[in-house]
Amino acid sequence: MSKIISIYGGYCAHDACSVYIEDGKIKSIIQEERPRRVKVYKDQYANPILSLHRIEKEFGVKLKDVDWICTATPMGIDSEFLYERSVPREKIYIVNHHESHCTGAYYTSGFNEKTIVFSYDAGGISKSKGYNTTFSHTYLAQNNKMSLINTFPMGYTASIPCMYAAVTRYLGWLVHKDEGKVTGLAGHGEYRDEIYKAFETICWYDKGIKKFLPNGQAESATGINLVLDDLTRTGVLSDFKSDDKSRADLAYNMQYFLENKIVEYLNHMHELYPNYKKLALAGGVFANVKLNQRINELDWVEEVYVYPAMNDAGNALGAGLKKAVELGEWKTKQFKHLFYGTDYNQDYIDNMIKGVNFMTKNSNLKRKKADMKVVAKHLNEGSIIGWFKGKFEFGPRALGARSVLVRPTDAETHEKLNKRLGRNEVMPFAPIVLGDKANDVFITNNKSHYTAEFMTMCYDTRDEWIDRIPAVVHKVDKSARPQLVFDYNPFYQVLIEYEKLSGIPVLLNTSFNVHGEPIIDGPDQAIKHLLDGVVDYLVMEDFVYYVE
């Protein structure tokens, strides 16, 4: 059996992350932005320095002493990060960027049946010889094996994710941060033939060669600028108005184009391989939950699984899993949970809080034993609850460890929460729902529930529930992005108690962070948000904290 540290980050990469796998078991996954306290879009080329240090300290391992050091391109054997740590070159195992995406997706899907595995993003650049630089990989997978059948090489194929990023930037938002705002805004727009046809002049799908054409770019930043130039040339942007209606229409047509083209490609794969009816998806484009919903609703698709860390942070785990599979230590299986980060015991919290009281001279900080019946009562009365339990989550979503919870029954909650959190969100807040009640509230058709445990899928809301839970339903299209909660999840008991009081098996869940910062990591950050009035109560491990 082996010890594997898998890392990702550095120049031309983003979403730095560190993973530790021992004897075929995932022990720890830490995304660099959590301990670094700088969001990815502000520090795209960060190396996984602090995340690796935490793993080495917690598990008593050193990077250069483990059996394998895995990574995915563009991080390579010539990485300055590895060179500075005197890592033996024979221990370094490098995986192609998109192979790593797809490995992470397939080998955590639990699918043994015939599966199409597909990754797509703004580009997986390679600095190492022998690794193709591509926008995408597609594999056929079955019984723990994947076979590559198609790629979208940079240089002569197009990246629709680059197009989406270009529209994000044009609308005044930030790439690697605000693409979800485009998705949310799209629901307020409508089809405009001149916009959609302009998109079609700069990208189309060729069934003969199974590629998106015509032009490709060497890196995403260049690609985004070229797309903006193309959109200006075609008249979409040069004649574009800045009023709210026009902005919404641009977003709508970009979203509609993305969905149509990805569906066109997947339908073609189905024509070629009709017995492959499960999908495992990865790459940044599949953070787009409306796209995922459109794919899930295809008649031929039996189940969709979206890798929870569909962004590049998932490449750290994907690379490590490829080596574990090669060693015979891993077979495709479902995640039991995603709580692989750092946790803090009650003694640590108690000592920290003494320091907070001393530093802030705030003697009004109180606590009482956490009773989920009481917490549910606070929620039912309209309080905003900070939630801090156990190890933090892997991936971009708050799934039960570092969250803000609110009742879903008030339409004005969106504005109230944005004010508290200092945000300006267009995308609706997401619900958590008891897993066995999900199909009662949302039109899931009991399909793709496993991926919905990780908040990667949208469903339409049933008519009778739309007015009961308006805070978590899109105002226009009435969809929602639910997280299905089962008894392994820290949310489970408070949801049970809230349903007893309200008759509603749903709560609003958003990530525990204010605008511009990553999801919180340690208890000091949680307490600060309580003292600053961001939340009314803080459920942290064994106690509920509040200010009198």
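The following exchange looks at how several labels in this predicted model are justified.

User: Why is lysine 42 called exposed?
Analyst: The relative accessibility of lysine 42 is 51%, and exposed means over 50%, so the label applies to this residue. Lysine 42 lies in the loop between α1 (33-36) and α2 (49-59).

User: Why is aspartate 440 called partly exposed?
Analyst: Its relative accessible area is 45%, whereas buried means under 20% and exposed over 50%, and because the value falls in between, aspartate 440 counts as partly exposed. Aspartate 440 lies in helix α15 (residues 438-441).

User: What makes aspartate 440 eligible for a surface patch?
Analyst: Patches are made of residues with over 30% relative accessible area and no salt bridge, and the 45% of aspartate 440 meets the area condition. Together with Asp436, Asp463 and Glu464, Asp440 forms a negative surface patch.

User: How many aromatic pairs does the structure hold?
Analyst: There are 31 aromatic pairs in the structure. One of them joins tryptophan 387 and phenylalanine 491, with 5.7 Å centre to centre and 45° between the planes.

User: Why is the pair of tryptophan 387 and phenylalanine 491 called tilted?
Analyst: Ring centres must lie within 6.5 Å to pair, and planes under 30 degrees apart count as stacked, over 60 as edge-to-face and the rest as tilted; the centres here are 5.7 Å apart and the planes meet at 45°, so the rings pair and the pair is tilted. The pair links distant parts of the chain, 104 residues apart, and both tryptophan 387 and phenylalanine 491 are buried.

Key:
Residues are numbered from 1 along each chain as its sequence is written. This is a predicted model: local features need pLDDT of at least 70, side-chain atom pairs count only at pLDDT 80 or more; totals for chains, interfaces and linings use all residues. Side-chain values use heavy atoms; hydrogens and water are left out. Patches are made of residues with over 30% relative accessible area and no salt bridge: like charges are joined within 9 Å, nonpolar side chains (Val, Leu, Ile, Met, Phe, Trp, Tyr) within 5 Å. Accessible areas come from the Shrake-Rupley method with a 1.4 Å probe; for residues, only the protein chains shown count as cover. A salt bridge is a side-chain nitrogen of Lys or Arg within 4 Å of a carboxyl oxygen of Asp or Glu. Lys and Arg count as positive and Asp and Glu as negative; His and the chain ends are not counted. The place of a charge is taken as NZ of Lys, CZ of Arg, CG of Asp or CD of Glu. Helices (H or I, at least four residues) and strands (E, at least two) are DSSP runs, numbered from the N terminus. Buried means under 20% relative accessible area, exposed over 50%, partly exposed in between (1.4 Å probe, protein chains only). Rings of Phe, Tyr and Trp (its six-membered ring) pair if their centres lie within 6.5 Å; planes under 30 degrees apart count as stacked, over 60 as edge-to-face and the rest as tilted.
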